[in-house]
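Visitor: I am new to this structure and would love a close look at one part of it. Could you pick a spot, walk me through it, and then show me how it sits in the whole?

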Amino acid sequence: MATKETGTKAVGWSEFRRAEAQFAELVEERFQKYKHHVLATLRKDGSPRVTGLEVDFRDGELWLGMMPNSMKVLDLRRDPRFSVQANPGPDAEMTDGDVRISGRALEVTDPAVKAAYAAQVEPPEPFHLFRGELTEVVHTGLDNDELVVRAWRPGTALRTLRRGNSEESLREDA
């Protein structure tokens, strides 16, 4: 489905998982390593807002749960575009790399879907629940002395870009 904001195709987590199973597993593992992550939304004036939240991969979906009427809820209701960055961890090593998911968050209003989610997760009540539709998934890591960026977008193959610490240009794996 193309988003009306950008015309960019967006897909659910299960479609991403079918397209790139190994990459999706790496991303899930990276997010599951820590409980809290950083969500970026757009404020009413268009400036960015970053805030913490928990990310849940369940039943083939990416779920974002939030407190009632929090600023991030209001942001996403106004403009559903988001990015969520995995918690980098306690040190500067980044041995598991850096992971970001971007897309749009669709609020779940169906009481049955919310009840089923609540039965599994037991979030504090009341809560808002959003389902993520992905427009991009990126993993950045190190391979020896090279920066390696792996990026996926709906309808495209997983791309791997590399750059060393010299002035050489970015190159793509074949």
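Guide: Ala-19 lies in helix H1, which covers residues 13-19. In this predicted model, Ala-19 has a relative accessibility of 45% and therefore counts as partly exposed, between the limits of 20% and 50%. From Ala-19 we can jump a long way along the chain: Asp-173 is 154 residues away in sequence, and the two C-alpha atoms are 19 Å apart in space.

Asp-173 brings us to the part I would like to show you closely, Arg-162. The side chains of Asp-173 and Arg-162 are joined by a polar contact of 3.0 Å. Arg-162 itself belongs to strand E8, made up of residues 159-163. Is Arg-162 buried or exposed? Its relative accessibility is 16%, and because buried means under 20%, Arg-162 counts as buried.

Asp-173 is one partner of this arginine; Glu-146 is another, with a side-chain to side-chain polar contact of 3.2 Å to Arg-162. If you set aside the neighbours within four places in sequence, the residues in contact with Arg-162 are Asp-143, Glu-146, Leu-147, Val-148, Ser-169, Leu-170, Arg-171 and Asp-173.

Another place to look is helix H4, residues 111-121. At its start, a side-chain oxygen of Asp-110 comes to within 2.8 Å of the backbone nitrogen of Ala-112. Past the other end, just after H4, Glu-122 has a positive phi of about 55°.

Now let us step back to the whole protein. Its secondary structure consists of four helices and nine strands. Starting at the N terminus, they follow the order α-α-β-β-β-α-β-β-α-β-β-β-β. The radius of gyration is 17 Å, close to the 16 Å from the globule rule for 174 residues, so the protein is as compact as a globular protein of that length. Measured out along its principal axes, the C-alpha trace spans about 50 × 35 × 35 Å.

Of the 174 residues, 40% are buried, and Arg-162 is one that counts as buried. Among contacts between residues at least 6 apart in sequence, 54% join residues at least 24 apart. The accessible surface amounts to about 9,900 Å², with 50% of it belonging to carbon and sulfur atoms. As for charge, the protein has 25 positive and 30 negative charges, and their mean positions lie 6 Å apart.

Notes
Residues are numbered from 1 along each chain as its sequence is written. This is a predicted model: local features need pLDDT of at least 70, side-chain atom pairs count only at pLDDT 80 or more; totals for chains, interfaces and linings use all residues. Side-chain values use heavy atoms; hydrogens and water are left out. Helices (H or I, at least four residues) and strands (E, at least two) are DSSP runs, numbered from the N terminus. The radius of gyration is taken over C-alpha atoms; the globule rule is 2.2 Å times the number of residues to the power 0.38. Buried means under 20% relative accessible area, exposed over 50%, partly exposed in between (1.4 Å probe, protein chains only). Contact means heavy atoms within 4.5 Å. Accessible areas come from the Shrake-Rupley method with a 1.4 Å probe; for residues, only the protein chains shown count as cover. Lys and Arg count as positive and Asp and Glu as negative; His and the chain ends are not counted. The place of a charge is taken as NZ of Lys, CZ of Arg, CG of Asp or CD of Glu. A polar contact is a pair of N or O atoms within 3.5 Å; within protein, one must be able to donate a hydrogen and the other to accept it, and residues adjacent in sequence count only if both atoms are side-chain atoms.
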